[in-house]
Structures are given as C-alpha cells and as structure tokens.
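Please open the model in a viewer and keep the selection panel at hand. The tour below proceeds stop by stop, naming what to select and then what is found there.

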2 protein chains.
Amino acid sequence: MQSYTEENYLKIIFHLSQNSNPVQTNAIAEKIQTKAASVTDMLKKLADKELVNYVKYQGVTLTEKGKLTAINIVRKHRLWEVFLVEKLNFKWDEVHEVAEELEHIKSTLLVERLDEFLEFPKVDPHGDPIPDQYGNFADLSFIKLSKLKANEKGTITGVSEHSSPFLKHLEKLGLTLGKKIEISEIIDFDGSVELLIDNNKINISREVAKHILISK
Amino acid sequence: MQSYTEENYLKIIFHLSQNSNPVQTNAIAEKIQTKAASVTDMLKKLADKELVNYVKYQGVTLTEKGKLTAINIVRKHRLWEVFLVEKLNFKWDEVHEVAEELEHIKSTLLVERLDEFLEFPKVDPHGDPIPDQYGNFADLSFIKLSKLKANEKGTITGVSEHSSPFLKHLEKLGLTLGKKIEISEIIDFDGSVELLIDNNKINISREVAKHILISK
DNA sequence: TATTTAATTTAGACAAATCTAAAATATATT
DNA sequence: AATATATTTTAGATTTGTCTAAATTAAATA
Ligand SMILES: [Mn+2]
Ligand SMILES: [Mn+2]
Ligand SMILES: [Mn+2]
Ligand SMILES: [Mn+2]
C-alpha cells in the first residue's frame with residue numbers, strides 16, 4: 001500500500017515520462033513543488049518498494065508495478081472529473097483540484113461502481129483518455145491546433161493545459177470540446193490563428209493554439 | 001485548516017460527547033486505536049488551535065469552533081454514505097469505511113452540490129440524521145427496540161451499531177429501515193424479543209434489540 | 001582538454017504524529 | 001486517612017516527509 005505522497009510521486013513520474021524517459025529529479029521537484037533533495041529521498045524509497053528503477057544521477061523510470069499504480073490513479077482522477085462535471089454540474093475549470101484529492105480514495109469497488117454509474121466514459125472533461133481497469137488507454141490521435149494550416153478543418157477534442165484561467169478563456173471564446181472549427185488564416189506577424197467557429201471569425205494567440213487538440 | 005488526523009479527533013470527540021461530557025482521554029484512545037499518550041499530545045495541539053477546551057486530568061469538550069468543524073465532517077460522512085447507497089448501489093454495511101475517507105475531501109462546493117444531487121436527504125442509510133450546512137440536526141426521536149413492551153408497534157428508523165456483521169444480520173432477518181414491526185413477547189429467560197415483521201414471527205437477542213431504533 | 005555551470009546527492013536538522021516506559025494525579029477501597 | 005488501582009501525563013525515541021547547506025557528479029563551454 002502506498003501513501004498519498006508516494007501516489008503523487010508515481011503519478012507525476014508517469015506524466016513526465018510521456019515527454020522524456022527517464023525522468024529527471026529536478027523535473028519532479030518542480031511539479032511536486034518541493035526540493036530536489038526531497039525528491040531524491042523519495043526516489044530511493046520508491047526504488048526500495050520496486051515501484052521505480054532508479055540509478056543515481058541517471059533519473060527514474062517506472063517499473064511495471066509502478067506504472068500500473070500510476071495509471072490507476074490517473075483513472076480515478078479522470079473518472080471523478082467526469083462525475084463532477086456530468087452529475088454535479090461543475091465547470092471544466094473547477095474539477096481538477098477536487099479530483100486531486102478524490103483520486104486517492106482507496107476502494108476498488110467504488111471506482112468500478114463509479115465507472116458504471118457514469119456509463120463507462122472514454123474521456124474526461126478535458127478530452128484526456130480514461131484508462132480501463134487493466135490500465136489500457138484507448139489511443140486517441142490528436143493534432144495540436146497550432147499545426148493546422150489555412151483552410152484545414154477539425155473538431156476540438158482535447159486540451160493540453162488544465163489551468164482555470166486557460167479553460168475559462170476558451171469557454172469565453174466558445175472553444176469547447178466537440179466544437180467544429182476551420183482555420184481561416186495564420187497571421188505571419190505573430191503566428192496567431194484566425195479561425196471560424198459557430199460562423200464567427202476569432203483570433204487566438206499561438207500560445208493558446210498550442211494547447212488545443214484537434215481531431216479530423 | 002485542520003489535518004486529516006485532527007479532523008478525526010474532533011469527530012470522535014463529538015460522538016463521544018453525546019454520552020459523556022467532558023470526554024476522557026482513554027475513551028478517545030480506544031476509538032482512534034491509539035495510545036493515551038498520543039491523545040494527550042493531540043489534545044494540547046487542538047487546545048492551542050482553540051478547537052477544544054482541555055484541562056489536564058479533567059478531559060475535553062469541544063469549543064463552538066471545534067463543534068462546527070466536527071459536525072461538518074459528520075455531514076460529509078453521511079451525505080457520502082447516502083450517495084454510495086442511492087447512486088452506486090452499495091449495501092448499507094459496505095459504506096462506512098469508504099465514507100471515512102471521503103469525509104475529509106475539502107471542497108465546500110462539492111458538499112453543497114452533492115447535497116443537491118441527492119435531493120437534500122435528512123438521514124443516512126443507517127437512519128442517522130444529516131446536519132444542514134449550518135450544523136443543525138433535525139431531531140428525530142428514537143426509542144430502542146429493547147424498550148418496547150409486548151404488543152407495542154413501531155417502524156424501524158435507525159440503528160446504533162454500524163458494523164458489517166450486525167447490519168448483514170439485520171438484513172438477513174428482514175429488519176431494514178422503514179419496516180413496521182410489532183412486539184409479540186419479551187422472553188423472560190434471556191430478555192430476547194419475539195416480534196412480527198412481514199407477517200413472520202422472529203426472535204432476536206436483547207443485544208440486537210438494543211441497537212435497533214424505533215419510531216412510532 | 002580545462003573550466004565553468006547546472007543537476008543531483010549527501011548530511012544533518014525539523015515538524016507531525018506516533019510509540020514505550022516511567023512519573024504524576026485522580027479515584028476507589030479498605 | 002492510608003493504600004491500592006486506574007487514569008492521565010511527561011520524557012524521550014521513532015517514522016514520514018520535508019528542508020537548507022555543502023559536497024559531488026554530469027553537462028556545457030571555452
Ligand atoms: Mn485534472
Ligand atoms: Mn482532466
Ligand atoms: Mn458511517
Ligand atoms: Mn451512517
């Protein structure tokens with residue numbers, strides 16, 4: 001059994017593994033909002049428990065056991081987010097903090113019943129895939145909106161930034177999941193994107209465009 | 001803000017206050033499954049935070065602030081129990097452990113939305129009253145089944161023992177919330193109770209009868 | 001390659017919550 | 001009132017997770 005803290009480390013290592021493998025001590029420290037020295041202490045402990053492969057100065061990778069544990073936390077996090085939005089009328093920018101707490105509740109019966117109650121959702125309110133109870137993700141193929149060229153079309157199916165200010169901004173612009181968009185023009189000057197949504201022409205910064213995920 | 005542990009102490013002190021006031025160190029130690037010395041340490045800490053009134057060797061009482069905090073935890077515990085039974089099809093003997101974890105989730109928005117989603121329930125799956133957001137309990141007047149005399153009638157509206165074996169036992173006997181019963185006879189020999197339920201005559205021990213709560 | 005800089009680890013300390021053993025206080029019994 | 005017993009508190013240690021400061025190793029640069 002892992003502590004709340006250990007679970008958070010495993011989850012962060014899992015997410016950071018998507019970008020770089022092995023994961024560096026400093027990257028973890030930044031995400032967990034702690035010091036590199038604390039991370040080192042924890043990595044040794046997780047290695048003792050055979051949840052990570054750790055070689056000093058070389059970074060860490062998750063073991064199979066550690067990976068499954070991490071995925072299970074991600075599963076719970078995303079299921080709870082769906083619950084909050086679908087059943088309790090939370091907005092998509094209000095769910096993350098609460099899900100950070102709920103993801104640590106231990107009962108497996110609870111998770112399976114929740115999944116059933118929500119009718120086995122495949123994605124969370126931010127378009128992130130929800131792994132099944134065996135840890136398998138349906139692989140959804142996303143393209144960043146910023147990669148699209150003029151005249152290309154697509155549907156918004158995810159976001160890669162979950163902060164409340166960003167999500168509220170999208171909401172205000174009408175850029176929510178499921179909406180169809182068409183690129184009008186990429187502005188040379190600053191790389192910002194002009195696009196059509198609900199018959200309106202709007203402009204978004206390149207920074208925003210990078211965090212909107214599109215499927216065709 | 002209180003820690004998970006502090007919250008548990010406050011909740012236990014609140015419950016023990018119903019029987020004896022002030023509450024003794026040993027009584028707390030037994031409930032929390034810890035040592036008297038640990039309880040003393042925590043009581044000092046809670047006193048510093050003005051959550052309890054503590055005089056050494058005299059026991060503790062909750063301050064107004066401490067009491068409100070405790071009631072809020074009880075509120076959350078019982079709302080989550082309703083959720084688990086009503087929405088996720090948990091049985092009444094399966095909810096307590098999970099609710100012990102869920103009661104510590106902090107979001108007030110979550111609690112209010114959950115209350116609304118459940119349509120403002122007044123009692124939990126064990127018949128215990130759910131306080132409102134201001135800490136007010138609807139006072140339900142219960143009598144222990146063991147206090148009833150032959151020929152008296154009533155409705156089962158609560159239980160004062162929440163262990164899984166006890167609740168499963170009641171379930172098997174058909175003694176669930178809302179059921180109407182009539183006392184046939186109190187057996188002299190052992191004080192056991194013979195009663196009518198759903199047109200069946202059954203016998204329950206005095207020990208069981210003490211933990212069934214009846215309203216007329 | 002030598003030197004500078006960045007990343008990581010070690011050493012030692014600290015706060016929270018717990019423990020055991022011993023001392024102090026309160027309550028019960030003669 | 002004196003003694004015995006039960007309850008509670010103190011003292012000192014332990015575990016978990018964190019910290020700062022200093023030392024070590026790796027990576028970048030000259
Ligand atoms: Mn989230
Ligand atoms: Mn999400
Ligand atoms: Mn309960
Ligand atoms: Mn209950």
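**First stop: the paired metal ions of chain B**

Select the manganese ion (ligand 3) and the manganese ion (ligand 4): they are 3.5 Å apart, and Glu81(B) coordinates both. This is a predicted model, in which local features need pLDDT of at least 70 and side-chain atom pairs count only at pLDDT 80 or more, while totals for chains, interfaces and linings use all residues. Residues are numbered from 1 along each chain as its sequence is written, chains are lettered from A and ligands numbered from 1 in the order in which they are written, and side-chain values use heavy atoms, with hydrogens and water left out.

Now display the side chains around the manganese ion (ligand 3). His77(B) through NE2, Glu81(B) through OE and His96(B) through ND1 coordinate this ion at 2.0 to 2.2 Å. Donors here are N, O and S atoms within 2.8 Å of the metal (3.2 Å for Na, K and Ca); water is not among the atoms, so sites may look incomplete. Along the chain, the donors of ligand 3 follow the spacing H-x3-E-x14-H. Distant parts of the chain are linked in this way: Glu81(B) lies in helix α4 of chain B and His96(B) in helix α5 (residues 96-102) of chain B, 15 residues apart. Helices (H or I, at least four residues) and strands (E, at least two) are DSSP runs, numbered from the N terminus.

Move to the manganese ion (ligand 4). Its protein donors are Glu81(B) (OE), Asp124(B) (OD) and His126(B) (ND1), lying 2.2 to 2.3 Å from the ion. Their spacing along the chain is E-x42-D-x1-H. Glu81(B) belongs to helix α4 (residues 64-86) of chain B, whereas Asp124(B) sits in the loop between α6 (108-117) and β3 (143-144) of chain B, 43 residues apart.

**Second stop: the metal ions of chain A**

Which residues coordinate the manganese ion (ligand 1)? Select His77(A) (NE2), Glu81(A) (OE) and His96(A) (ND1), which do so at 2.0 to 2.2 Å. The donor spacing for ligand 1 is H-x3-E-x14-H. His77(A) is in helix α4 of chain A and His96(A) in helix α5 of chain A, 19 residues apart. The manganese ion (ligand 2) is 3.5 Å from ligand 1, and Glu81(A) coordinates both ions.

**Third stop: where the two chains meet**

Colour chain A and chain B separately. In contact across the interface (heavy atoms within 4.5 Å) are 20 residues of chain A and 20 residues of chain B. The area buried between them is about 1700 Å², with carbon and sulfur atoms giving 75%. Buried area is the accessible area (1.4 Å probe) that two parts lose on being put together, summed over both. Select Leu88(A), Glu101(A) and Arg113(A), which supply 29% of the area that chain A buries against chain B, more than any other three residues.

On the side of chain A that touches chain B, the elements giving two or more residues are α4 (64-86), α5 (96-102) and α6 (108-117) of chain A. The largest share, five residues, comes from α6(A). By class, this side of chain A has 12 nonpolar, three polar and five charged residues. In this classification Ala, Val, Leu, Ile, Met, Phe, Trp, Tyr, Cys and Pro count as nonpolar, Asp, Glu, Lys and Arg as charged, and the others, Gly among them, as polar.

**Fourth stop: DNA strand D**

Select DNA strand D and the 21 residues that surround it, the closest being Ser3(A), Thr34(A), Lys45(A), Lys44(B) and Tyr54(B). A residue is near a strand if one of its heavy atoms lies within 4 Å of it. Zoom in on Ser3(A), where a polar side-chain atom lies 2.7 Å from a phosphate oxygen of the strand. At Asp41(A), an N or O atom of the side chain is 3.4 Å from a base oxygen of DNA strand D.

**Last stop: DNA strand C**

DNA strand C is likewise surrounded by 21 residues, the closest being Asn26(A), Lys44(A), Tyr54(A), Thr34(B) and Lys45(B). Sugar and phosphate make up 78% of the strand C atoms that come within 4 Å of the protein. Finish at Tyr54(A), where an N or O atom of the side chain is 2.3 Å from a phosphate oxygen of DNA strand C.

Key: Polar contact = N/O pair within 3.5 Å; in protein donor to acceptor, adjacent residues only side chain to side chain.
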